[in-house]
Every structure is written in C-alpha cells, then in structure tokens.
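The exercises below deal with charged side chains and with how far they are open to solvent. Please work through each task before reading its solution.

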Amino acid sequence: MPIPRRALTAVAAALVLPLSACGPGGDGGRSDASGKVEGDITFQTWNLRADFKDYFEDLIAGFEEKYPDTHVKWIDQPAEGYADKIGADAGGGTLPDVVNVSPDLVAPLARAGLALDLDQAAPRYRKEYLPGAWAGHQVPGMTGTYAFPWYLNTGPLFYNKALFKKAGLDPERPPRTYGELFADALRMAGQSGGKVATLANVPTIEDFGRYGVPLMNEQGTAFTFNDPKGVELLTRYKQLYDAKALDPQALTATGESAGKKFLTGAVAMNPGSALDLGNFKKNAPSLYRNIGITDQITNTGHANMYVMGVMVNSRTRHTPAAVAFAHFVTDARNQMVFAKRVAIFPSTAGSLDDPYFTEEDGTDETRVRVAAAKSLKNAVNYTPVLFSEQMKTALRNEVAKALQGKESPGEALDNAVKAADRLLRQG
C-alpha cells in the first residue's frame with residue numbers, strides 16, 4: 001500500500017469470518033513449518049506494485065533461486081477495499097497463502113483460525129525481530145503471534161526552539177514526559193497571552209498508551225482506558241484547552257491543518273517527517289533555522305510504532321514454503337534493501353544499528369531518519385489490534401465533548417469505552 005509518513009495502518013472493516021472458512025489448501029493445512037520447501041504459493045501485497053514492481057520481482061526470483069522446487073505467484077490488490085477483499089477471500093476459501101496485513105486485519109483472521117501461529121509453527125525466527133515488532137501481531141485473549149513483522153514507521157516531534165526560548169524555556173531541553181509537556185505548554189500559553197499553543201491535536205488512543213493507561217483487558221473482551229489514569233490524562237488536556245495551550249481548532253484538526261499551524265508559529269510542537277523539513281526550508285526559513293527534533297512524548301519510555309506484517313494462511317497446502325517465503329520477505333537483508341527504497345524502517349533485530357540509521361550526513365532526510373530509528377529500537381504498537389476506525393471516531397467525539405465542557409472527562413471516557421465495547425461485541 002502507499003506508505004504514509006505518520007501511520008502504516010489502514011482503515012479496516014470488521015471481518016466476520018466463519019470458523020470453517022478455508023484457504024487454497026482446503027482443510028489440509030499444517031500447523032508446523034518443518035519439511036521440504038516446495039510447491040506453488042500465492043503472495044498478496046497491498047497496493048505496492050505501482051511503485052515497487054522491480055523490487056518484488058527480484059525478491060521472488062531470489063526466493064525461487066534459493067528454493068528451486070517453489071513457484072510464487074504475486075498478486076497486488078488496490079488500497080481501496082483491501083479489508084473487504086480479505087474478508088471475502090477468507091469467507092470464500094480463496095485467501096492467498098501469504099498475505100500482507102496490518103495488525104487490525106490479522107486479528108479477525110486469527111480468531112477465525114486462518115492465520116498461522118508462528119510461535120507454534122516457526123518459533124526459531126522470533127529472535128530475529130525486535131520484541132515490540134514481533135508482538136505487533138499478537139491478539140488479546142489469544143496466545144500466539146500471527147504474522148511476521150515487516151516494515152515499521154514512527155515519527156519524532158518537531159519543535160520551534162525560538163518559541164521555547166521566548167517563553168523562557170530551555171530550547172535544548174524539550175519535554176519528554178507528559179508532565180513536562182503540560183508544564184511547558186501552560187507556561188508558553190501564559191507567556192504569549194494565549195497566542196501560542198504547544199499542541200494542535202487532541203489525545204488519541206496512542207496518547208493514552210504512551211501515558212501509561214491500560215487500554216484493554218488481557219482477555220481482549222473489554223476496553224479499559226477509562227480508568228483513573230485515563231481520566232487524569234484527559235483532565236490535563238482539558239486544562240490545556242481552557243488555557244489555549246491546546247490550539248482551539250484541535251477538535252477538528254487534520255495532520256495538514258496542524259502542520260500549517262506549526263509552520264506559521266501558532267503551535268510550538270508537531271509530529272512530522274523529512275518531507276516537512278524540506279517544506280520548512282522552502283516556505284518558512286526562520287522556522288527551519290530554529291527547528292528542533294525530539295522523541296515522542298511518553299511516560300513509559302517506549303515510543304509508538306506502526307507495523308505492517310506478512311501473514312501465512314493456516315490452511316495453505318504448502319506450509320513450509322509459505323513460512324519460508326514470509327520469512328524471506330521479512331528477513332534482515334531484504335528489509336534493509338526495501339528500507340533504502342522508501343522511508344520505512346526494518347523490524348529485524350540489529351538492523352537499526354546500521355550506519356544508514358545512525359549516522360547523519362547533514363541532510364534533512366538523515367536528521368529525521370536517525371531520530372526515528374533510535375526511538376524504534378524499543379517502541380511498541382500501542383493501538384490495540386481490536387480498536388477499529390469506528391472506535392477511534394467514538395473516542396475522538398467524546399474527547400471533544402470533554403474539552404468543550406459538555407461532559408466531564410470521566411463521563412466522556414466511560415461513554416467512549418461503552419461505544420468501543422459495543423462495537424467489539426458486534427464485530
């Protein structure tokens with residue numbers, strides 16, 4: 001799929017899959033990957049052919065050269081309707097042997113018994129990947145890991161050093177925890193008479209995770225972000241909103257509108273990418289000269305990661321070949337080649353220590369790449385794999401009510417959890 005700068009997960013409809021659904025292999029799938037690597041398998045990607053045709057053709061040729069008794073048929077599906085396509089294939093028994101998935105897509109497939117548990121089938125590969133990435137395709141209430149982690153992304157925070165200095169804050173010591181963030185934001189709003197906000201976005205489920213709020217119970221049956229710590233976070237955001245330390249338009253902000261606020265100096269901090277640095281250099285040279293790059297705000301010490309995966313259909317007739325190919329796609333060498341083609345990061349252990357991710361050469365691209373790679377080493381995917389787009393909308397709507405004073409933070413989060421739990425049961 002096209003790889004966005006800030007997130008790699010896509011909108012996923014709830015997939016209602018019959019437990020009897022089966023893939024190309026019918027009911028003859030194997031639960032382990034031992035045996036000879038042979039047979040014809042099908043590999044499905046998510047809107048990648050247009051930009052990376054040569055890469056995947058070379059990848060497949062390399063695999064078939066290594067395993068001469070195999071043949072890989074590559075299918076690429078468009079981004080639009082990808083979740084629906086997977087659901088239809090799963091229900092109709094035509095799910096490909098190896099499938100490009102995001103965590104929210106793998107969850108219903110795992111629950112339907114269609115995603116191979118790699119902890120059981122191929123546990124030897126686990127040590128090759130970053131722990132947080134390997135855990136990215138685990139499903140609450142189930143034991144196991146249901147996809148190889150593939151490419152990762154994250155985003156550092158940009159901040160305006162000139163605005164920090166003007167507010168009497170140390171421009172070389174940006175906030176790293178939420179407590180520091182809230183204190184700095186209130187000071188900046190006070191010093192500027194409410195003209196400069198520190199943030200332009202309301203808290204999302206990732207913010208609750210980075211704050212240390214438990215998001216879901218271990219059984220995967222109910223959400224828990226309305227606990228006292230969650231209420232505390234939203235209460236602090238309400239204080240920012242009232243003090244104009246949170247931009248008044250944050251309730252309806254998009255990534256683009258928040259970026260414009262940062263560009264004009266109305267907001268002091270904003271997530272971004274190397275592409276944004278180029279924009280600052282061209283359109284806001286004074287901001288560019290004063291730009292600071294720091295880690296995501298977190299109370300846990302772990303940044304948020306976005307992760308894509310490669311799943312093996314548990315009903316494939318050629319489990320050894322399907323697992324071998326999924327591992328081949330996501331091994332350290334092939335991930336590094338892919339990472340140098342596009343602005344993503346490998347999920348394999350040790351890869352982020354490569355000079356490509358640790359050494360700056362004075363360009364904007366490497367400044368951001370090095371900062372992001374550093375935070376990914378121990379990052380986690382905070383968004384619960386069962387947290388759908390509808391649930392995100394429900395949370396955003398309730399957060400807006402709390403910030404506007406229409407509901408208390410506790411009431412808003414109780415309502416958001418009720419809505420999310422209801423949608424969870426429906427799914």
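A residue counts as buried under 20% relative accessible area, as exposed over 50%, and as partly exposed in between, with a 1.4 Å probe and protein chains only. The model is predicted, so local features need pLDDT of at least 70 and side-chain atom pairs count only at pLDDT 80 or more, while totals for chains, interfaces and linings use all residues. Residues are numbered from 1 along each chain as its sequence is written, and side-chain values use heavy atoms, with hydrogens and water left out.

**Exercise 1.** Determine how Asp295 and Arg176 meet, and where in the chain each lies.

*Solution.* Begin with the contact: the two side chains form a salt bridge, 3.3 Å from N to O, where the term requires a side-chain nitrogen of Lys or Arg within 4 Å of a carboxyl oxygen of Asp or Glu. Next, place the partners, using helices (H or I, at least four residues) and strands (E, at least two) as DSSP runs numbered from the N terminus. Asp295 sits in the loop between strand 7 (291-294) and strand 8 (306-312), and Arg176 in the loop between helix 6 (161-166) and helix 7 (178-191), so that the pair links distant parts of the chain, 119 residues apart. Finally, classify them: Arg176 is partly exposed at 48% relative accessible area, and Asp295 is partly exposed at 28%.

**Exercise 2.** Assign Lys36 and Glu38 to their exposure classes and describe their salt bridge.

*Solution.* Lys36, at 52%, is exposed, whereas Glu38, at 36%, is partly exposed. Their closest N and O atoms are 3.7 Å apart, and both residues belong to a salt-bridge network that includes Asp69.
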